[in-house]
Every structure is written in structure tokens, then in C-alpha cells.
Amino acid sequence: MATLAASSCLLSCLLVLFLSSVSAVTDDKQVFIVYMGSLSSRADYTPTSDHMNILQEVTGESSIEGRLVRSYKRSFNGFAARLTESERERVAKMVGVVSVFPNKKLQLQTTTSWDFMGLKEGIKTKRNPTVESDTIIGVIDSGITPESQSFSDKGFGPPPQKWKGVCSGGKNFTCNNKLIGARDYTSEGTRDMDGHGTHTASTAAGNAVVDASFFGIGNGTVRGGVPASRVAAYKVCTPTGCSSEALLSAFDDAIADGVDLITISIGDKTASMFQNDPIAIGAFHAMAKGVLTVNSAGNSGPKPISVSGVAPWILTVAASTTNRGFVTKVVLGNGKTLVGKSVNAYEMKGKDYPLVYGKSAASSACDAESAGLCELSCVDKSRVKGKILVCGGPGGLKIVESVGAVGLIYRTPKPDVAFIHPLPAAGLLTEDFESLVSYLESTDSPQAIVLKTEAIFNRTSPVIASFSSRGPNTIAVDILKPDITAPGVEILAAYSPAGEPSQDDTRHVKYSVLSGTSMSCPHVAGVAAYVKTFNPKWSPSMIQSAIMTTAWPVNATGTGIASTEFAYGSGHVDPIAASDPGLVYELDKSDHIAFLCGMNYTSQVLKVISGETVTCSEAKQILPRNLNYPSMSAKLSGSGTTFTVTFNRTLTNVGTPNSTYTSKVVAGHGSKLDVKITPSVLSFKTVNEKQSFTVTVTGSNLDSEVPSSGNLIWSDGTHNVRSPIVVYTSDY
């Protein structure tokens, strides 16, 4: 992954992870990140010169051309360089070097959504336009499309005075008063050649653009959560992935440039130890400088223990549906209509086409079962050309064009999400697919037509997407992750005309439909920015708390732990409620260091994460479950014993003076929990006053299949401050 930096007291570590094929160069050298901690306060200290001197000393080469990849010198100290293993070992032993890590590639994790969440367009929603215009969102992604209407600066004044960034977008790239900054770490220029970065940036902060659609699908006005805010784009991703050394540079610059928050829809397939996680390190230093980092949870669900971005100083976002869905109907020759999933913009103009089941068109190289799944080289091209291919799985997507089919119908493993395909296609649920197979087997000349996709509005409440990564958190087991969920299914937003809407797709579009936690992450970044416009002096933890404690309850797909708080955390984000939460749980850098000490991290590891020399025996320590976090979670050693768990928390009044909040506990999943709140009533005389309380949870014979949970709600009659309480075992 990558790391982040901070100025003097900010990031002090450099992180490097290994990327075997991409980062490797000639001979036995590979790219390593050399982390040197916080920047020196000496007036005569020049980081780049120091880095060059170190490389010359270690390599014995007078010229280090081709060796030094990047210097980190704005928010923290370090560099990335091409080194042999023996050179890496020598660097690691040098005075001033905190740690050395191999470079690694991470992956991108890939509207009516704002209306669905209650953040209506125009005067229908209360806004603070002056502060919103001074809010800068840093987008670390695959770049941006500067010509997009979503980033037009019509009506915008000059950038905020606090902005210290630059426009280094490369050839034929121009910033403006909306897109105020651009940096490239890929040598390709900041222009988005993929579409992902343009999509995420416009979801968070894009202008309102009327009559936007994907070939007429989803037609309407698309916009971001804070359309009056400014955008700064940091390109770290190419088609091969997102290098951790580039991520680290982007964090380094974004903090120093003056962004107010960072949205990063990038991650690994599983969680990493904090000291090996560049996003965790970067976000720590951003937090210390008052910058909130919002990160996608990952797309490896519904498998348990798949969530990434699990540090408590990161706001980790799952993905869920909205009230709109896209469906593609398949009309069979017998008149029966099957309802499938896809985003199909192709018109078959009322013409029925012959159907052929892969199993019936098996090549000599494969058996009927493999051909039924349309595996590579298993379908006879001569028997498929000009027909609609029917496949028992999504494997047909890889071969459908090469075998000359005019369309595809397949059994979908993801029944809750529609994808774009480069030809007419529809994914059917098992029941409808079996109905199709019965038709094929009972008809001499089966035919069908795949209709153009249509939007339906029949969902009443959000459901967690099947692909959204699930907990529990394996790194900090007493911190519930993900934190929150937001719209991430079938999101229409701006796109790069240089990118492909789907693999092997020759079309070029300005707006497209994508699904993933990459899409939900910028929704929450937009909400965080919206909350900050009403509370500009709030710390990252206060904004995170406001978002988590005002969330809606939701449902999750799947069974077992995949359908519980491990899927959605505190619930579904509610922008309007989050702007006025009443009470918040506050945290600062010292609290997180105490938390890390409670996890028994060594001084060396603490320096990698925080950039500071910390001795836990001399610092404040807390049990990880007693971090003043907006949710409460505890992992127990077994399910068959009686247990008592306590959580210590402190609330800060950000509502009105002379407020009294009464506690209530509502049951959740799993075994019954007995929950006692002491004291059960909190009275606040002044704004910013703090009151502490203890939650004592007792029970026995915990359900070994799902976590046992409840919800603590503090209410003054106007505000409802809700925190999930989750107790689980190690038996999953």
C-alpha cells in the first residue's frame, strides 16, 4: 500500500511494499520506500540532498540517475529508490532511517443517490454556500477529466486563500476555479484514462449537470454532495494498479496543499497491519493535521474478514443500494418475459435472435458441463455466430464477442448489481435461468430478444451489496469495521471519454454507471464535506462521529455474520441528521497513540505509524475497546461462558446548552445481551461540555454463528445518538 506524510509533527514513516512485476526493474533491483520520520526542523536541512547522499553512500555510485524514484519532503521525510536486497539492508541500518518497505500495487475499488439520502437539489436543502466554496476535497485516484461539465468553474470565484497546491496535470490539461489542483505520480499526466477517478470526484463534489445519462439510461440531473466545493486531483493509479510509493507522495502533497478532507477509493483485498498499510499511515498524519480520510471497505464480500482500511482514524465505507435499480428484460419466443440485471444500452430493434446454450454448442476440447459455463475454448464458434449465447455463469463474458455471438444471457452470481457489457446482455437469477433452460430444451427453434435497460423505483430501504467487504476486523479486533454504508450500486456519474465503459467496449461516454465501494466512498466524503460546512472547526473524529451516530438502520444480504453489523457498521449515512448530531465522541492523536499502546505495539512500530518517538510505558494506555469510538465492539475468547464486558466513553455536547439525554438500549442480532448504562442520564449545561459514562454488557452462551448486538441510543427528544454494541467470539 502507500503511506502518508505530515509536516514536522505529521507523518514520520515511510512505507514500502513489494510489487513483483511492476516495481521490479533491471537486474535484482526493486523499488523500496525508505521512511525517515518527521521532517527535520533545522533551517539548513534539505531533504532531497540528504536522500541523494544516502543513495550515493549505499550504492557507491556518483550518479544516482535511475535510482531515486521519488522524494517525500513536504509533510514527512523519506524517499523511494531502486535498490538491491543488500543495499536495502544497509539503508535500513543507517541513522535516521525508521523503516524500509518494498513497493506494492493496490487496486481501485470500484444520480438519484443524493436525493435518496435526503440531500435534495438547490433550495430544497439547507446549505452554507460561502463555507462550501472554501472546502477543498482531495481525490486520490486515477486522475480526472478537466473538460467535464461536472468540473466547470462557471460561477466560481478564485480558489480559497488557504490553497497551496499547483496544477501539474501534464500536456493539454488545464485547471480552473472548480478543479483547482492536479498532480501526477504516474508519468502519464493527471488526465483520467480510465474513468474511475472522474466518477469518484464528481460523486463527491461534481456540479449539477442536467440531462445526463448513459445512452438514455438513468437520465436526469447528476451532481455531487457538495457541488460548490473545490476539487484537487492526485493521480496515483494506472491500469496496472496504484503504487504505494505514489500514494505516499499524494498524501504528502495533499496535506501540505491544504485539502480539507481526502477521499480514496483504493485498497487491498484484505486488511494489513497498520505499520504495513500506507493508507493507514497516511490517514494518521492527515488526522493529526485535521484532515479526515474516507476510504472504501473493499469489494470482496460477502466473504467474512474481507474488509480493508480498518484503522480507527479512517472512516471506512461499505456499499448499499438506493431506491432505484436497473433491470434488463428478456422476452422469449413463447412470449414469456424474464427480468434480468445489466446496464444494456443496445437496441435489438424488436428482432428476435436464435438462442444457443453453451452446452449444446460444446467444442471437441471440452465436456458439456464446461461448455455450459462457456469456459474458454469450450464453445464451437460455428454453432454460436449470429445467435444469443446462453451460459450457466459469467464466464461467457470473456468469450462472447470472440465466438461471434450477438448477445449474451447468463446466470449471475451477483443478483443485486447491474454491470455494463459491450453487447446486449442480461444476467438472470437462478430461478429465471432455469426457466430459460427449460424453454431451450423444450423448443426446436428457441428465440429471444434482450431489451434496453430500464430504471425501476421500487426499493423502500437500502440493502448491503453482496460484493461489499465484511468484517470482523482482524487487525484491531475490538474496533467495528466497516463504519458506515452509502450508495454504491449502479451509480451514474461523470466518466472519462478516454476510458472504456466495460472491458473491450469501443464506446466512449461522458457519464457512466459503476458499482463498488469505490462509489460509496465519495458519497460519504461528500457528506463529510457537507457536515464540515456547518461545523468548519470540527476535528476529523467529530465529523466521523456525527456521521456514524446519526445513521439509519439497514439490512444486509447473505447469511451468518455477513448479514450483521460486520456488513454495515453503524448503518446508512444520513447527511441532514449528521450536520446536527447533538453529541459527538471526540478523539485526537494522543488517544490513538494510547490505543496503539494498548495493542502492545513496540516503539519502533509506533514511530512507523505516527512519525514520533513514543514510549508506551511513559504514555497513556487504554484497552482498545475503550477508545472513545462511536461504535462499541469486543471480541471474546469463547462462546460457552458467562462474560462481562465494559466500555468507557465520553460524549461532547455540540447541540444546545441545558440539554438532558436519556439512554435506551434496543436489541439487535444473536444472543440476548444485558446492557447497563451508568449513569443512564446525562445533563449538559453548556456547549462543548463533556460527560462520561460506562456501558456494562453481560451474557452467556453467545451465538457462534452471528455476533450478538444491541444499539445504545442517547436522546434529548430531538437528537438520537445511536451506537451499535457488538460482542462476538473467535469461533467464526
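## A tour of one sheet, two cavities and a tyrosine

Start by selecting four strands that make up an open sheet, running in the order β30-β32-β36-β34 with antiparallel pairing. At its edges sit β30, residues 583-584, and β34, residues 674-678, each of which pairs on one side only. Keep in mind as you click around that this is a predicted model.

Now zoom in on β34 and its partner β36, which covers residues 690-699. Five bridges hold this pairing on screen, and the sense is antiparallel. Want one bridge to pin down? Pick Lys676 and look across to β36, where Thr696 is its bridge partner.

**Next stop: the largest cavity**

Turn on your cavity display and look for a space of about 80 Å³, the largest cavity. To bring up its walls, select Met287, Pro312, Trp313, Pro540, Ser541, Gln544, Ser545, Tyr585, Leu587, His592, Tyr629 and Pro630. Which helix gives the largest share of this lining? Colour α12, residues 540-549, and you have it: four of the lining residues come from there. Colouring by class, you'll get eight nonpolar and four polar residues in the lining, with no charged ones.

**On to the second largest cavity**

Keep Pro540 selected, since it is listed in the lining of the largest cavity and also in that of the second largest. The second largest cavity has a volume of about 40 Å³. Add Asp260, Leu261, Gly290, Leu292, Ala528, Lys532, Trp538, Ser539 and Ile543 to Pro540, and the lining is complete. Two elements give two or more residues each to this lining: α11, spanning 517-534, and α12. How does this lining divide by class? Here you'll find six nonpolar, two polar and two charged residues.

**Last stop: Tyr45**

Jump to the loop between β1 (30-35) and α2 (47-59), and select Tyr45. Is this tyrosine, Tyr45, buried or exposed? Tyr45 counts as buried because its relative accessibility is 16%, below the 20% cut-off.

Show its surroundings next: leaving aside residues up to four places away in sequence, Tyr45 touches Met36, Ser40, Asp50 and Asn77. Two of these neighbours deserve a distance label. Draw one between the side chains of Tyr45 and Asp50, where there is a polar contact of 2.6 Å. Draw the other from the side chain of Tyr45 to that of Asn77, for a polar contact of 2.9 Å.

How values were computed
Residues are numbered from 1 along each chain as its sequence is written. This is a predicted model: local features need pLDDT of at least 70, side-chain atom pairs count only at pLDDT 80 or more; totals for chains, interfaces and linings use all residues. Side-chain values use heavy atoms; hydrogens and water are left out. Two strands pair if DSSP finds at least two bridges between them. On a 1 Å grid over the protein atoms alone, a cavity is a set of points where a 1.4 Å probe fits but cannot get out, and a pocket is an open set with protein on both sides within 12 Å along at least five of seven lines; lining residues have an atom within 4 Å of a point. Grid points are joined across faces, edges and corners, and a volume is the space filled by probe spheres set on the points. Ala, Val, Leu, Ile, Met, Phe, Trp, Tyr, Cys and Pro count as nonpolar, Asp, Glu, Lys and Arg as charged, and the others, Gly among them, as polar. Buried means under 20% relative accessible area, exposed over 50%, partly exposed in between (1.4 Å probe, protein chains only). Contact means heavy atoms within 4.5 Å. A polar contact is a pair of N or O atoms within 3.5 Å; within protein, one must be able to donate a hydrogen and the other to accept it, and residues adjacent in sequence count only if both atoms are side-chain atoms.
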